[in-house]
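Let's take a walk through this one together. Have the sequence and the 3D view open, and follow along from one element to the next.

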Amino acid sequence: MGRTKTPIVVTGYAAVTFAGRGVEALGRALQAPDRDNAPAAGYPMLPPGARHPYAPVVRTSIEGDAEVSVASLFRTCFHDLDAGMAVPIQEGDMRRTVALVGATIGVQPRWSPEQPPAQLGDAVAPGALSEATAGAAFVEACGLGCPYYTVNTACASGSSAFVLGCELIRIGFCDRALVAAAEVLTFLDVHGFRSAKLLARDRARPFDRRRDGIMLGEGAALFVLEAATRSPEAPQALVAGWSTGNERHDIAQPEPDGRCLADTISAALAAADVPREAVDYLNAHGTGTRANDASEARAFRRLWPAGVGPAVSSTKGLHGHLRAAGSLVELAATLWAMRSSKAPPTFGCHLPEPEWGSNLVTGAPRDMPIRTALKVARGFGGVNAAIALEAP
Amino acid sequence: MIHDRPSPPVFVLDSVAAATPTGRGAPADVPVVEPRRWHPAKEQPTSWTARALSELAAQLLNQAAGPAAPARDALLVILGLEHGRAEVVDKAARAARAMGLPDYCDPRHFVHSVSSAVPGQLAIHNGLAGPTLALNSGGAASLDAIGIGGLLVSRGVAPAALLGGGEGAAGRIAAREGPGAGPPPADGAALLLVAPAAPGGPQTRLASYHRGDGRIADVAALDAWVRAAVEVAELPWAGVRLLVLCQTNALLEAWRRSVDLPAVVIPEAFGDLGGAAAAVGSHCAHHWLRGRGAQGREGAAALVISVCEGRASCLILQRSGAVE
């Protein structure tokens, strides 16, 4: 979609995940060694051959909140973010601020494994299926008086909202974009992914030979994007370039040979004016499904021959697949990696597919300077997106 | 609130719409397609919205075929969708109930239940590889899609764009949790092909786009907001010849009476089209402005306005060029 000559910077970000409030909590979890037989967070490991009654899921709780909701996740993220800003968000120019909320679904009742199975028709609030309810929840929960838009590109929604925020700043539509996404487990997610046989048996194993599906999770992330020249805040990272496209292949299946995804990554790097050999770390979409990981690995191989290229990992095996919020939480993980000079491992991957394995970080974080990083995301509807970040 | 003008200018090259005029207030010479033709068969997992928009895009791109046609590899697609997914989720729920399976969701329905499946289906159907996005801001969804998309094309983010939205009646009926007030839900969809340059003859320019922040509570505030929008578009108020109102609510109705201009009220003219009202309304405005009558004067403008829960959006379309 875009290229930037006007520097756009991340001036603040926050996340809530299973690991707790804040990016630091996520960072501590990302540093933990990943043992092959470790259970998915918060879920008991099953004996061989057994199945969870539904699926492994990663649930999130917020201290002091009896029940996690999309609104409480947004509120918590905003509070944590605002506390870390030199100038509180509300004291900035709200007239030139736009909120962009990534959402795959509106504000729906939360699913939990303790509840009895419910018919989809009884468990879904049809009037709140509109994603606009998530956008409204964000501005209301955070008390923001600014225009908002809800962006849906399914599991790439967070990245698409981030990219749209960059574009709207670049073209001068706004000076600041608050980019957010939050997801709790919903009946539609659990019934849908389970019925589609897309859920892992015990845990998500991205890029592993034994991978058999995704692991749903809950969480949220929030980013503040601003034009570098206008911001009083110290930049956390430079958004060097971005690109999105459509694979025009299938609503749910990725293009098998990864050609379109490779084109999108190339376009983002060209926009950033970054040669592909300069990318230090790539945070992959890496869902743990047979189709996505194979296609994604082929896309990477098109750009970087075997044995060269960036360190690659997927963190979904740790925090779960957060649908709309996934790519934003993973962007937060990527920024943590840049700041701490540690590439997180691919949680759940201990037997990498041999032809893909050379650049995968597995088992433990890899200490390395990370100056340039890429985040890749994909979603139902054929959308893919790539965002290139540089250290300030 | 935010006001912006596409500069360099962008034009509506062409537009297509599917909607059923009720005979109450729709301009007589606006071409619309019979929506019934795109109702999916029962066994199909997709929605009316997805089918209609895919077919409308094909029609629009075929009409634009030729050396000057926009390249399909880079065409930007932004669709404003409000309740489209509710139709598919409702289908899935009915199927699960009929099968007696308590926690089942047919995977074919599931993958089509997400709003991004609509632009996805459009892209697959028409071989489009550019960015595709579903935008949802409630009742203003398609207005915001056209406004944002027009600005992105104007500033060179994409060479051209398909902008608009759709809303099947079934989705709106499924989303209603009780008997709704006002006009009954109806099928409606429209797409505009927007690009920086237009061939000769009368054109419709996207003059400006405006988005409020949710604080419009009375007629005076709405009037001030709309007049500020017209000023940003560098138009004299006297140049405003047509209002297209996307909702029927007390605030909009009171304001409409206060300004005393010809108006197309989309819910009266076509039924309740939800988030697609502005797409169909922009299609109406485009054809009205291009017409040969008094409305087709150089510089004449139409305002497409949505106000939902104090959140206002406005798109200003302007006649550019003389009658051929």
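**A walk through the two chains**

Let's start inside chain A: α4(A) is largely enclosed by the rest of the structure, because eight of its 10 residues are buried. The buried set is made up of Ala132(A), Ala134(A), Gly135(A), Ala136(A), Ala137(A), Phe138(A), Val139(A) and Ala141(A). After the helix comes Gly143(A), with a positive phi near 65°. Keep in mind throughout that this is a predicted model.

Now jump along the chain to strand β15(A), residues 383-390. Here the covering goes further along the element, as eight of its eight residues are buried. Follow the side chains and you'll see two sets: Val383(A), Ala385(A), Ile387(A) and Leu389(A) point one way, while Asn384(A), Ala386(A), Ala388(A) and Glu390(A) point the other way. Both sets are buried, Asn384(A) and Glu390(A) included.

What does β15(A) pair with? One partner is β9(A), residues 237-246, which runs antiparallel to β15(A) and is joined to it by eight bridges. To get your bearings in that pairing, find Thr244(A), which sits opposite Ala385(A). Another partner is β14(A), residues 372-379, again antiparallel and again over eight bridges. In this pairing, look for Lys375(A) across from Ile387(A). β14(A) and β15(A) form a hairpin with three residues between the strands, and there Gly381(A) takes a positive phi near 100°.

Next, step back and look at where the two chains meet. The contact draws on 62 residues from chain A and 60 residues from chain B. How much area do chain A and chain B bury between them? The figure is about 4,900 Å², with 63% of it on carbon and sulfur atoms. The polar side of the story is there too: 20 residue pairs are in polar contact between chain A and chain B, both residues being at pLDDT 80 or more. On chain A, the elements that each supply at least two residues to the side touching chain B are β4, α3, α4, β5, α5, α6 and β9. So you've already met two of them, since α4 and β9 of chain A are on that list. The largest share comes from α6(A), with seven residues. Sorted by class, this side of chain A has 32 nonpolar, 20 polar and 10 charged residues.

The chains also share strand pairing. Three bridges join β5(A) to β4(B), residues 132-136 of chain B, and the two strands run antiparallel. Within this pairing, Val151(A) has Leu135(B) as its bridge partner.

Then there are the charges. Side chains of opposite charge can pair when their charged atoms come close. Over all chains the count comes to 36 salt bridges, and four salt bridges cross the interface of chain A and chain B. One to look up is Arg194(A) with Asp103(B), where the closest N and O atoms are 3.2 Å apart.

Chain B has salt bridges of its own, and a few are worth a visit. Arg108(B) and Asp106(B) meet at 3.0 Å, N to O. Are these two buried or exposed? Arg108(B) is partly exposed, at a relative accessible area of 43%, whereas Asp106(B) is buried, at 13%.

Move on to helix α7(B), residues 219-232, where Asp223(B) and Arg227(B) are separated by about one helical turn because they are four residues apart. Their side chains meet in a salt bridge of 2.9 Å, N to O. Asp223(B) is buried, with a relative accessible area of 18%, and Arg227(B) is partly exposed, with 34%.

Helix α8(B), residues 250-259, holds both Arg256(B) and Glu253(B), three residues apart, about one turn of the helix. An α-helix has 3.6 residues a turn, so residues three or four places apart point the same way. The closest N and O atoms in the salt bridge of Arg256(B) and Glu253(B) are 3.4 Å apart. Arg256(B) is partly exposed, with a relative accessible area of 22%, and Glu253(B) is partly exposed as well, with 30%.

To finish, go back to chain A, where salt bridges that share partners join Arg211(A), Arg290(A), Asp293(A) and Glu353(A) into one network.

Conventions: Residues are numbered from 1 along each chain as its sequence is written. Chains are lettered from A and ligands numbered from 1 in the order in which they are written. This is a predicted model: local features need pLDDT of at least 70, side-chain atom pairs count only at pLDDT 80 or more; totals for chains, interfaces and linings use all residues. Side-chain values use heavy atoms; hydrogens and water are left out. Buried means under 20% relative accessible area, exposed over 50%, partly exposed in between (1.4 Å probe, protein chains only). Two strands pair if DSSP finds at least two bridges between them. Contact means heavy atoms within 4.5 Å. Buried area is the accessible area (1.4 Å probe) that two parts lose on being put together, summed over both. A polar contact is a pair of N or O atoms within 3.5 Å; within protein, one must be able to donate a hydrogen and the other to accept it, and residues adjacent in sequence count only if both atoms are side-chain atoms. Ala, Val, Leu, Ile, Met, Phe, Trp, Tyr, Cys and Pro count as nonpolar, Asp, Glu, Lys and Arg as charged, and the others, Gly among them, as polar.
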